[in-house]
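This briefing looks at one protein chain, beginning with its overall contacts and then turning to its fold, its surface, its charged pairs and one loop residue.

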Amino acid sequence: MDSETQNEASREFISKGKLVPRDAGVVYLYELQNASHSFRGFSMEEMTVLVEHFPIVSFAGGTQIIRQGDHANFVIVILQGTAHSFIKGQGNFNSVTKENKGGVITVDNLQKGDFVGQNAFFTGGEVEHPHYVQ
């Protein structure tokens, strides 16, 4: 994926929500330390640097923030609230632990501290999302 396509994917993702002011983003990250080992031990200065380089975006409930098959060059960290990851399946779904509701399979229920799209971080956005997130 070329850099222009990556920038377009990022702009589209951000346009679905509302940018959070920098100071509020730092507070979200600081509070996340209690829910996630990933940011534990970061100083306020380090969190400020993260927020300056990575936008914090807030989404209204029910917003589909990633479509199944989307390419992305971003990682999502749930800072507040919840999100749900689904796969739109075909045919019958047969599993002991998962429920099939009309061809839509719930993959995960995400909460504060959970990550989505971390493969994009390691591959530079070359991976399609195998699910959608709402």
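Among the contacts in the protein with a separation of 6 or more, 70% are made by residues 24 or more positions apart. The model is a predicted one, and the values given here are computed from it.

**Fold and surface**

- The secondary structure of the protein consists of 4 helices and 8 strands, and read from the N terminus on, these elements follow the order α-β-α-α-β-β-β-β-β-β-α-β.
- The protein has 134 residues, of which 29% count as buried.
- Its accessible surface amounts to about 8600 Å², and carbon and sulfur atoms contribute 50% of that area.

**Salt bridges**

- The structure contains 2 salt bridges, and the residues Arg-22, Asp-23 and Glu-52 are linked through them in a network.
- In one of these pairs, Glu-52 bridges to Arg-22 with the closest N and O atoms 2.9 Å apart; this pair connects distant parts of the chain, since Glu-52 belongs to helix α3 and Arg-22 to helix α2, with their positions 30 residues apart in sequence.
- Arg-22 also forms a salt bridge with Asp-23, where the closest N and O atoms are 3.9 Å apart, a value that falls within the 4 Å cut-off used for a salt bridge.
- As for exposure, Asp-23 has a relative accessible area of 55% and is therefore exposed, the cut-off for that class being over 50%.
- Arg-22, at 43% relative accessibility, counts as partly exposed, and Glu-52 is likewise partly exposed, with a relative accessibility of 47%.

**A buried loop residue**

- Where in the chain does Gln-33 lie? Gln-33 is found in the loop that runs between α2, which spans residues 22–32, and α3, which spans residues 44–53.
- Is Gln-33 buried or exposed? Gln-33 counts as buried because its relative accessibility is 12%, and buried means under 20%.
- When residues up to four places away in sequence are left out, Gln-33 touches Phe-39, Arg-40, Gly-41, Phe-42 and Met-47.
- Of these contacts, the one with Met-47 reaches into α3, the helix that also carries Glu-52 of the salt-bridge network.

Technical notes
Residues numbered from 1 in each chain as written. Predicted model: local features only at pLDDT ≥ 70, side-chain atom pairs only at ≥ 80, totals over all residues. Heavy atoms only, no water. Helix = DSSP H or I, 4+ residues; strand = E, 2+ residues; numbered from the N terminus. Buried < 20%, exposed > 50% of the residue type's maximum accessible area, 1.4 Å probe, protein only. Contact = heavy atoms within 4.5 Å. Areas by Shrake-Rupley, 256 points an atom, 1.4 Å probe, with all protein chains shown as cover. Salt bridge = Lys/Arg side-chain N within 4 Å of Asp/Glu carboxyl O.
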